[in-house]
Amino acid sequence: MLEAAKIIASEETKNGPTTDLNSNVQKGKLKEGKVLQNGSVSAAKEDKMTEDDLVQNATLFLLAGYETTSVMLSFTCYLLAKNQDVQQRLYKEIQQRLQSEVDTSYESVMQMEYLDMVVNESLRFYPPFADSIIREVKEGCEFEGMKFPADSLVIFPVSYMHFDETLWPDPQTFDPERFHPDRKKNIHVSSFLPFGIGPRKCIGTRFALMEAKMAIVRLLL
Ligand code: HEM
C-alpha cells in the first residue's frame with residue numbers, strides 16, 4: 001500500500017488531487033482510472049489505488065482485525081471460566097507441549113490439538129461477526145421456494161446457523177469435542193462460518209487464529 005501511495009503522490013503532483021472514492025464509484029469511473037477534481041479522468045491503470053482506497057483499506061484492517069479478535073478472546077475466557085473441566089484439560093495440554101514458559105513459538109502453539117478444538121467451539125458459540133456475511137445477488141434466482149431478485153442483499157445469520165440442531169446436535173452445550181480431528185471432517189463447510197466463506201472470506205483468518213491462540217496460551221500459563 002505504501003508503494004501504491006508513492007505512485008499516487010507522484011501522479012497528484014502532475015494532475016492535481018483526486019476526488020473521494022464514493023464519487024468515483026457513483027460516476028462509474030473507478031475502473032477506468034482516477035477521476036480528478038476538474039472532472040477529467042487520469043490515465044491511471046485499473047490496478048492503481050486512489051488515496052481514499054488506501055485510507056479505507058487501512059481503516060478496514062484496523063476495524064476488522066482488532067475488535068473481532070478481542071471479542072473472540074473475551075468470549076473464550078468467559079467460556080473457559082464457565083467450563084472449568086475444559087480449562088483444566090487445556091492447561092494440561094499447554095504444560096505438556098511447552099518446553100518452557102516462554103516457548104510460545106508458532107510451531108508449538110499450532111500443534112496444540114485441544115486448543116484448536118476449544119477455539120473453534122468458542123467461535124461456534126460466539127462468532128464475533130454474528131450476522132455480517134452479506135452477498136449481493138448478481139442474477140435473480142430461486143432456491144428452495146425462496147426468490148432472490150437481482151441486486152438484492154442476502155444476509156447470512158451465522159449465529160442461528162451455529163445453533164441449528166440439524167447441523168449441531170445439542171447446540172446449546174459448549175463441547176470442544178465437536179471439533180476433534182476425527183469428527184471435524186463431518187462438519188459441513190457451509191455450516192461453520194466464523195470467518196465467512198468463498199473468495200471474500202476473512203483475509204486475516206490464519207493470523208487471527210495464531211494471535212488468539214498465543215494470547216490464550218500465555219493467559220492460561
Ligand atoms: C477472530 C477474528 C476475526 C473474525 C471472527 C473475522 C471475521 C470476518 C468475517 C466474518 C468477514 C466477512 C467474510 C465474508 O463475507 O465471507 C471478515 C472479513 C475481513 N476480515 Fe476478518 N475476522 C477476524 C480477524 C481479522 C484480522 C486479524 C484481520 C486483519 C489483519 C481481518 C481482516 C479482514 C478483512 C480485510 C476482511 C474483508 C475481506 C474482503 O472483503 O475481501 N480480520 N472477517
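Helices, of at least four residues, and strands, of at least two, are taken here as DSSP runs that are numbered from the N terminus. The model is a predicted one, and the exercises below work through its fold, its ligand site and its aromatic pairs.

**Exercise 1. The order of the elements**

Determine how many helices and strands the chain holds, and in which order the elements run from the N terminus on.

Solution. The secondary structure comes to nine helices and four strands. Read from the N terminus on, the order of these elements is α-α-α-α-α-α-β-β-β-β-α-α-α. As for burial, the chain has 221 residues, of which buried residues make up 33%.

**Exercise 2. The shell around the ligand**

Establish where the ligand sits, which elements each supply at least two residues of the shell around it, and how the residues of that shell divide into nonpolar, polar and charged.

Solution. Begin with the location: the ligand sits in the largest pocket. Next, consider the elements: helix H3 (51-82), strand S1 (133-136) and helix H9 (205-220) each contribute at least two residues to the shell, and the largest share, seven residues, comes from H3. Then turn to composition, where the shell divides into 14 nonpolar, five polar and three charged residues. Finally, of the 22 residues around the ligand, those that come nearest are Phe129, Arg135, Ile197, Arg200 and Cys202.

**Exercise 3. Polar atoms facing the ligand**

Find which atoms of the ligand lie 2.7 Å from arginine 135, 2.6 Å from arginine 200 and 3.4 Å from alanine 64.

Solution. Take the two arginines in turn: a polar side-chain atom of arginine 135 lies 2.7 Å from an oxygen atom of the ligand, and a polar side-chain atom of arginine 200 lies 2.6 Å from an oxygen atom of the ligand. For alanine 64, it is a backbone N or O atom that lies 3.4 Å from a nitrogen atom of the ligand.

**Exercise 4. Two aromatic pairs**

Classify the pair formed by phenylalanine 125 and phenylalanine 163 and the pair formed by tryptophan 168 and phenylalanine 179, and state which parts of the chain each pair ties together.

Solution. The structure holds eight aromatic pairs. In the pair of phenylalanine 125 and phenylalanine 163, the centres lie 5.3 Å apart and the angle between the planes is 70 degrees, which is edge-to-face. Phenylalanine 125 belongs to helix H6 (residues 113-125), while phenylalanine 163 lies in the loop between helix H7 (158-162) and helix H8 (181-184), so this pair ties together parts that are 38 residues apart in sequence. Phenylalanine 125 is buried, at a relative accessible area of 12%, whereas phenylalanine 163 is partly exposed, at 23%.

The rings of tryptophan 168 and phenylalanine 179 have centres 5.9 Å apart and planes at 35 degrees, so that pair is tilted. Both residues lie in the loop between H7 and H8, so the pair ties together parts that are eleven residues apart in sequence. Tryptophan 168 is buried, with a relative accessible area of 2%, and phenylalanine 179 likewise counts as buried at 2%.

To place the first pair in its setting, note that Phe125 and Phe163 belong to one aromatic cluster with Phe75, Tyr78, Tyr126 and Phe174.

**Exercise 5. An aspartate in a loop**

Decide whether aspartate 151 is buried or exposed, and locate it in the chain.

Solution. Aspartate 151 lies in the loop between strand S3 (146-148) and strand S4 (153-156). Its relative accessible area is 59%, and because exposed means over 50%, aspartate 151 is exposed. In space, aspartate 151 is 7.8 Å from glycine 140, C-alpha to C-alpha, with their positions eleven residues apart in sequence counted as the separation.

Key
Residues are numbered from 1 along each chain as its sequence is written. This is a predicted model: local features need pLDDT of at least 70, side-chain atom pairs count only at pLDDT 80 or more; totals for chains, interfaces and linings use all residues. Side-chain values use heavy atoms; hydrogens and water are left out. A residue is near a molecule or strand if one of its heavy atoms lies within 4 Å of it. A polar contact is a pair of N or O atoms within 3.5 Å; within protein, one must be able to donate a hydrogen and the other to accept it, and residues adjacent in sequence count only if both atoms are side-chain atoms. On a 1 Å grid over the protein atoms alone, a cavity is a set of points where a 1.4 Å probe fits but cannot get out, and a pocket is an open set with protein on both sides within 12 Å along at least five of seven lines; lining residues have an atom within 4 Å of a point. A molecule sits in a cavity or pocket if more than half of its atoms lie within 2 Å of its grid points. Ala, Val, Leu, Ile, Met, Phe, Trp, Tyr, Cys and Pro count as nonpolar, Asp, Glu, Lys and Arg as charged, and the others, Gly among them, as polar. Rings of Phe, Tyr and Trp (its six-membered ring) pair if their centres lie within 6.5 Å; planes under 30 degrees apart count as stacked, over 60 as edge-to-face and the rest as tilted. Buried means under 20% relative accessible area, exposed over 50%, partly exposed in between (1.4 Å probe, protein chains only).
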